[in-house]
Amino acid sequence: MYENPTGLIAGSVVMWCITVFCVGLRFGNKIRERQSFLASDWLILAGWVFGTGLTVLEIYGVAIKSLGYRIGATLADPASVTGQLNKARHIQLAFFLMGVTALGLIKLSISCFYWQLFAKVTLRRFLIIWMVIVGVWATAFVMAGLLECGSHLTAVFGTPTEYLKHCGSAVPSGYAMVGSDIATDFITLIIPIPVILRLKMNMRRKLLTLMVFLIGSLSVGASIAKGYIYIRSSMGVYSEDGLLILTGISIWNLAEVEIAIVAACGPMLWSILAPTFSHLASLIGSKWHSRSKINNSKETHELPRFVKMSESQVKLPVGARGVSEGSGERDMMDQYELDSRYERSSIGV
């Protein structure tokens, strides 16, 4: 599957082009609508820069035949220690460090977006704690990657015996990394779900909203695939070619980062996603709730536009049910101050 240099390069370039489009559209919409750039925007831009670095690494690895080719030995075979494999290990270490950094930035960007979107005090307190956890997670594993062999840095590229002797903590650290990566991806993904489910709107519009936010489930799938390959290979279950294993880990790492970038920009891309998601949501919604029907063509591409209200309109104490004067056209829910009016184009913040 991974012994396909042309396919690896093509897939890497296609994923990168999609992220360029999504990030460009996100910033272009902000400029066109004269909106200020927020922390979530700058963080996703930084994540995209590291994602671009991963794309360059993948293409470079294939170009020098250290990814996407065979070496004819497993990672546990001393005969596999060749210049070709060592170059792949250099690339893999850079992949790990840049990948963790990119994922940390993207998860922080999404968390900041939630902060800008929702005014519930308890949720905001949770988001503060969560952003600290994500920041510590990324920093800790970058340091773990740099110091996995202590003072014996060259052991990373030595024989399997040397690696196990000086880098014994690397494998458990790797297990912790892939496990916590999947967990943090999943938690970041589900944070807005309870909020959306409590919105006062018909089932179809709830489904549309959920679909936009759940694009990130594809990134979770990529992180699971990467973790599966790493754990199985490190446990010695895989008997595949060592270079192809490193290729599999690298391409799924790249896919996770690139898909996460697209997911983070998803709410800004509603005008493009609407035709597909609207039909699917109508189909599911009609089965879920018999009253969920499309009344006219105007609703086809509509999605709730969530806007944090001004401080004069928001009642911040926990448990408050805030509806300001003159807000009769707003759909409110417990402890949230969200404008759920409908627009065709996109979610605005």
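Tutor: A salt bridge is a side-chain nitrogen of Lys or Arg within 4 Å of a carboxyl oxygen of Asp or Glu. The model discussed here is predicted.

Student: What makes the contact of D181 and K107 a salt bridge?

Tutor: Their side chains meet at 2.9 Å, N to O. The cut-off is 4 Å, so the pair qualifies. D181 belongs to helix α6 and K107 to helix α3, so the bridge ties together parts 74 residues apart in sequence. D181 and K107 are both buried.

Student: Which residues are linked with D181 and K107 in a network of salt bridges?

Tutor: The network also includes D185, K226 and E256. Between E256 and K226, the closest N and O atoms are 2.9 Å apart. E256 sits in helix α10 and K226 in helix α9, 30 residues apart.

Student: Why is R70 called partly exposed?

Tutor: Its relative accessibility is 47%. Buried means under 20% and exposed over 50%, so R70 falls in between. R70 forms a salt bridge with E3 at 2.8 Å, N to O. E3, at 43% relative accessibility, is partly exposed too.

Student: Why is α2 called roughly antiparallel to α10?

Tutor: Helix α2 and helix α10 pack at an angle of about 150 degrees, their axes 10 Å apart. Angles over 145 degrees count as roughly antiparallel, so the term applies. The crossing of α2 past α10 is left-handed.

Student: How do you know that F126 is partly exposed?

Tutor: The relative accessible area of F126 is 35%. That value lies between the 20% and 50% limits, so F126 is partly exposed. F126, in helix α4, joins F186, I187 and I190 in a nonpolar surface patch of about 310 Å².

Definitions and conventions
Residues numbered from 1 in each chain as written. Predicted model: local features only at pLDDT ≥ 70, side-chain atom pairs only at ≥ 80, totals over all residues. Heavy atoms only, no water. Patch = residues over 30% accessible without salt bridge, like charges linked within 9 Å, V, L, I, M, F, W, Y side chains within 5 Å. Areas by Shrake-Rupley, 256 points an atom, 1.4 Å probe, with all protein chains shown as cover. Helix = DSSP H or I, 4+ residues; strand = E, 2+ residues; numbered from the N terminus. Buried < 20%, exposed > 50% of the residue type's maximum accessible area, 1.4 Å probe, protein only. Axes fitted to C-alpha atoms, helices over the stretch in contact; angles between N-to-C directions. Left-handed = near helix turned anticlockwise from the far one by under 90°.
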